[in-house]
Amino acid sequence: MKIPGAQMIIESLKKENVDVIFGYPGGAVLNLYDQLYDADIRHIMSRHEQGAIHAADGYSRMTGRPGVVFATSGPGATNLVTGIATAYMDSVPMVVFTGQVASPLIGTDAFQEADIFGITLPITKHNYLVTDVEELPRIIKEAFYLATTGRRGPVLIDLPKDVQQAVTDYRYPDKVEIPGYNPTYEGHPGQITRAAKAIGRAKKPVIYAGGGVVYAEAHQELLTLAEKAQIPVTTTLMGLSGFPGNHPLSVGMLGMHGMYWANMAMHEADLIIAIGARFDDRVTGKLSHFAKNAKIIHIDIDPAEIGKNVKVDIPVVGDVKRVLCEVLKKVEPKNHEDWLARIGEWRKEVPLGYNQEDDSDISPQYVIEMIYQETDGEALITTEVGQHQMWTAQYYKFNKPRSFASSGGLGTMGYGFPASLGAQVARPGETVFCIAGDGSFQMNSQELATAVEYNIPVKVAIINNQFLGMVRQWQQMFFKRRYSSVVMEQGPDFVKLAEAYGATGLRAEKPSEVTAVIKKALETPGPVVMDFRVRAEENVFPMVPPNCPICDMVRGEE
């Protein structure tokens with residue numbers, strides 16, 4: 001059957017079981033949107049292409065399925081760049097379709113032309129410029145395969161207008177053959193045996209779990225290993241929800257704003273079992289002082305990550321879930337009471353805490369603890385980037401898999417709110433909270449229109465300190481309180497802003513109002529924006545200053 005390229009795309013998406021597309025139309029994708037008009041696939045039209053791609057990212061993180069995005073050429077495509085880089089840094093599967101000017105016009109500076117293929121080359125797992133409509137079905141099949149296998153990531157397909165219009169026979173391939181692309185899923189048996197023996201010999205082991213645990217669906221295997229060998233588990237920001245935050249063996253997040261006791265455990269460990277984590281500089285601190293007494297086992301599906309930042313003693317390349325299954329067969333039950341007691345002493349020495357008096361300003365940490373309390377820890381949480389992101393990581397216990405989405409690697413302000421829309425679309429029966437800063441929320445607040453139009457009932461909690469809080473904290477601590485361009489007193493009235501879009505706006509200005517506002521938001525149908533006017537100069541502690549060992553932490557205000 002002969003059909004046009006644009007119709008091929010829609011037919012191919014149906015074969016990939018795509019149920020929702022996030023996007024924004026334009027001149028170079030008119031044919032594609034015309035075909036979409038009659039298709040039985042839901043389309044969520046954002047108010048900005050960056051909103052669309054972050055929403056697709058949130059959808060993907062909450063389901064494990066690839067997010068799909070449509071955008072036009074030129075500015076439509078370049079508006080996706082931040083979101084593509086965000087997904088690339090955090091290994092989020094995504095297939096992005098961009099329109100392109102007609103093939104004869106490429107390279108002529110035609111209207112709305114941009115070389116999105118070249119622009120996204122370093123921030124995609126793979127990308128394509130389609131030059132022949134007959135190649136289109138194979139390319140789409142490959143794109144979904146590449147996005148969702150091995151180390152996951154975004155794949156972009158650039159579609160010249162004449163390719164969308166060209167007509168040819170359509171047949172969707174049953175399988176993919178990509179020479180040279182053969183991800184390793186099974187760990188080497190010899191290395192797995194070495195890893196198991198090292199775990200058996202260790203006196204002070206720590207499991208360091210990253211986002212790879214979440215993406216590989218290896219939560220149960222990680223839990224079983226930790227309990228069987230009685231090993232404490234610390235997670236990266238991306239690893240939150242990979243291990244139950246309320247479990248006795250959980251020591252919380254590590255790194256720059258990690259728990260004091262987690263960082264001390266890593267510093268004194270004699271064995272670190274890194275699982276789906278990449279030794280980010282925010283985790284290691286000063287690299288030359290990182291875990292100097294520890295042997296390191298590193299399990300990761302991407303061989304390029306192993307040995308990239310730290311010397312690894314036992315590398316195991318493979319799918320985290322499959323490798324852990326094999327490790328579990330060889331690990332004997334252990335008891336590390338002394339080591340766990342030592343970590344418990346650190347926990348008592350520098351506990352996590354904050355001041356919240358009844359008649360004082362609202363502490364941001366208190367708001368997050370109340371969200372955890374009022375949702376029974378069952379909400380899906382997205383965050384923007386900044387102080388509120390770190391407080392959320394510290395004070396909200398993520399007890400179930402795929403309940404957290406945040407921009408970790410790129411640190412993208414403006415991510416959290418549109419990502420929450422994607423999360424809610426992905427899992428409509430669950431409560432979704434976006435915890436935001438007043439600065440971050442304003443970067444994509446126009447997506448309130450999307451939330452109202454499609455009745456996506458996310459609850460947005462703005463931790464409003466009228467500052468770019470994290471930048472202000474650094475200026476306070478390292479630049480003698482010279483607050484350069486971080487004051488945001490001229491922000492909007494968030495209650496009126498929400499109402500202007502047709503959403504509900506609520507505000508809390510005293511601690512006694514916090515719980516009532518959260519309860520009201522949960523009872524209110526549709527999207528709700530909560531404006532929590534919090535203490536302006538509250539800081540995030542503990543904190544590892546830049547270029548310091550992770551054991552060298554600022555524990556609180558002097």
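In this predicted model, the count of salt bridges comes to 33. A few of these pairs repay a closer look, and they lead on to a helix and then to a cavity.

One of the pairs joins Asp90 to Arg61, with the closest N and O atoms 3.1 Å apart. Asp90 sits in the loop between helix H5 (81-89) and strand S5 (94-100), while Arg61 belongs to helix H3, so the contact ties together parts that are 29 residues apart in sequence. Both partners, Asp90 and Arg61, are buried.

A second pair reaches across a longer stretch of chain, as its loops show. Arg151 forms a salt bridge with Asp302, and here the closest N and O atoms are 3.0 Å apart. Because Arg151 lies in the loop between helix H7 (136-148) and strand S7 (154-160), and Asp302 in the loop between strand S13 (295-300) and strand S14 (314-317), the pair links parts that are 151 residues apart in sequence. The two ends differ in exposure: Arg151 has 26% relative accessibility and therefore counts as partly exposed, whereas Asp302, at 17%, counts as buried. Shared partners extend this pair into one network of salt bridges made up of Arg151, Asp302, Glu305 and Lys308. Elsewhere, the side chains of Arg278 and Asp280 meet in a salt bridge at 3.6 Å, N to O; Arg278 is partly exposed, because its relative accessibility is 24%.

Helix H3, which carries Arg61, makes a handy check on geometry. H3 covers residues 49-63, and at 1.5 Å a residue its 15 residues should span 21 Å; the end C-alpha atoms are 21 Å apart, so the model agrees with the expected value. The helix is mostly covered, with 14 of its 15 residues buried. Gly64 follows H3 and has a positive phi, near 85°.

Arg61 also turns up in the internal space of the model, as a lining residue of the largest cavity. The structure holds three cavities of 30 Å³ or more, and the largest has a volume of about 80 Å³. Besides Arg61, its lining consists of Val214, Tyr215, Leu237, Met238, Leu240, Ser241, Phe404, Ala405 and Ser406. Helix H10 (211-215) and strand S16 (404-405) are the elements that give two or more residues to this lining. By class, the lining has seven nonpolar, two polar and one charged residues. Where does the largest cavity lie with respect to domain 2 (189-349) and domain 3 (364-533)? Both domains give residues to the lining, so the cavity lies between them.

Notes. Residues are numbered from 1 along each chain as its sequence is written. This is a predicted model: local features need pLDDT of at least 70, side-chain atom pairs count only at pLDDT 80 or more; totals for chains, interfaces and linings use all residues. Side-chain values use heavy atoms; hydrogens and water are left out. On a 1 Å grid over the protein atoms alone, a cavity is a set of points where a 1.4 Å probe fits but cannot get out, and a pocket is an open set with protein on both sides within 12 Å along at least five of seven lines; lining residues have an atom within 4 Å of a point. Grid points are joined across faces, edges and corners, and a volume is the space filled by probe spheres set on the points. Helices (H or I, at least four residues) and strands (E, at least two) are DSSP runs, numbered from the N terminus. Ala, Val, Leu, Ile, Met, Phe, Trp, Tyr, Cys and Pro count as nonpolar, Asp, Glu, Lys and Arg as charged, and the others, Gly among them, as polar. Domain bounds come from an automatic or database domain assignment. The expected span of a helix is 1.5 Å times one less than its number of residues. Buried means under 20% relative accessible area, exposed over 50%, partly exposed in between (1.4 Å probe, protein chains only). A salt bridge is a side-chain nitrogen of Lys or Arg within 4 Å of a carboxyl oxygen of Asp or Glu.
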